[in-house]
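Here are a few exercises to work through with the model open in your viewer. Try each one before you read its solution.

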Amino acid sequence: LREVMAGLMMRAVRGVLSAGTRNFSVSAPKRAKVSVLGAAGGIGQPLSLLLKQSILVSELALYDVANTVGVAADLSHIESACQVKGYVGESQLEECLQGSNIVIIPAGVPRKPGMTRDDLFNINAGIAMSLSEAASKVCPEAMLCIISNPVNSTVPIASEVYKKNGVFDPRKMFGVTTLDVVRANTFISELKGTPVTQTNCHVIGGHAGITILPLLSQVEPACQFTDEERAALTTRIQNAGTEVVEAKAGGGSATLSMAYAGARFAFSLLQAMNGAKDIVECSFVESDVTELQFFSTPLQLGPQGVQQNLGVPTLTDFEQEALQKMKPELSSSIAKGIKFANQ
């Protein structure tokens, strides 16, 4: 079992557990405190399980409105050096956040059949705002990773909160869109037979429906797609969340794959914070690469978060058309978040 888990983690952390990691020594890493807000939920529990196994996490602080003491007790029995503590309710939120280096927010209600990410807005927007408010006051220097949907709106909400409190640093606030990349890599591998662990497809735009734009022209290793394959694959990646919601038939949304994607992004951040080079992940951040205030692009990560925004590469006609088509919807979602935070 240990060998199996080690293999999984090596993929997730991209070599953190390997002695041959690029320009990175695991002999004396700087270990971090990671807080997970919404840790007792469908995403939070498996995400915390993955984080507990990382040698780069010294302390795992688990917060939710209920059940986190039990989750923490369960995880604390795992034979890794990371210490775990559970915090319950608003009165313990600030204590949870004290000294955090990374804060991950998967809190919120899941999608149900027939729901869009927009349907989640009224509930999850308020949750994202209150948790961001606490983080901005207690640990404003921490990396903030937002999973709560709709990401196209919750990231602008959190950004406005940080700006109001005078602590916003665009290098340190991320909308976690990694699941779109993970899905793209998986579906491309299934279609074209490329090794899934070596397949890499950047995904730009946002994190809902047509705002998700996989750059199939940039896939590594290079793949050729017919027009029909390109259109079908793009649509499947865009609607993959709905695919899971419908398959679970009322039993929830994409929790396990989202936990994996969230852990992958966190591990990349932890590596970069430790000085590893050439760490690139796509994420929804405030930027000026397009006329939209927020946009997901490949980012080179460093010790302070975003080291360089790698921007939007040269697009094919198909991708350029999809980019223009997404902009009104993405712009509306961003504006909706900003308005919510300022009303």
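**Exercise 1.** Find the residue with positive phi that follows α10, then check the length and burial of the helix.

*Solution.* Keep in mind that this is a predicted model.
- Start just past the helix: α10 is followed by G275, with a positive phi near 95°.
- Next, the length. Helix α10 covers residues 256-273, 18 residues in total, so at 1.5 Å a residue it should span 26 Å. Its end C-alpha atoms sit 26 Å apart, which agrees.
- Last, burial. Of the 18 residues of α10, 14 are buried, so the rest of the structure largely encloses it.

**Exercise 2.** Work out where S100 lies and what it is in contact with.

*Solution.*
- Place it first: S100 is in the loop between α4 (93-97) and β4 (102-105).
- Is S100 buried or exposed? Its relative accessible area is 7%, and under 20% counts as buried, so S100 is buried.
- Now look beyond the neighbours within four places in sequence: S100 is in contact with K33, S35, C139 and A142.
- With S35, the side chains share a polar contact of 2.6 Å.
- Also check E141: 41 residues away from S100 along the chain, yet their C-alpha atoms are separated by 8.6 Å.

**Exercise 3.** Count the cavities of 30 Å³ or more and describe the lining of the largest.

*Solution.*
- The count comes to one cavity of 30 Å³ or more.
- The largest cavity holds about 50 Å³ of space.
- Its lining includes A142, along with P140, L144, Y162, V167, F168, D169, K172 and M173.
- Sorted by class, that lining has seven nonpolar, two charged and no polar residues.

Conventions:
Residues are numbered from 1 along each chain as its sequence is written. This is a predicted model: local features need pLDDT of at least 70, side-chain atom pairs count only at pLDDT 80 or more; totals for chains, interfaces and linings use all residues. Side-chain values use heavy atoms; hydrogens and water are left out. On a 1 Å grid over the protein atoms alone, a cavity is a set of points where a 1.4 Å probe fits but cannot get out, and a pocket is an open set with protein on both sides within 12 Å along at least five of seven lines; lining residues have an atom within 4 Å of a point. Grid points are joined across faces, edges and corners, and a volume is the space filled by probe spheres set on the points. Ala, Val, Leu, Ile, Met, Phe, Trp, Tyr, Cys and Pro count as nonpolar, Asp, Glu, Lys and Arg as charged, and the others, Gly among them, as polar. Helices (H or I, at least four residues) and strands (E, at least two) are DSSP runs, numbered from the N terminus. The expected span of a helix is 1.5 Å times one less than its number of residues. Buried means under 20% relative accessible area, exposed over 50%, partly exposed in between (1.4 Å probe, protein chains only). Contact means heavy atoms within 4.5 Å. A polar contact is a pair of N or O atoms within 3.5 Å; within protein, one must be able to donate a hydrogen and the other to accept it, and residues adjacent in sequence count only if both atoms are side-chain atoms.
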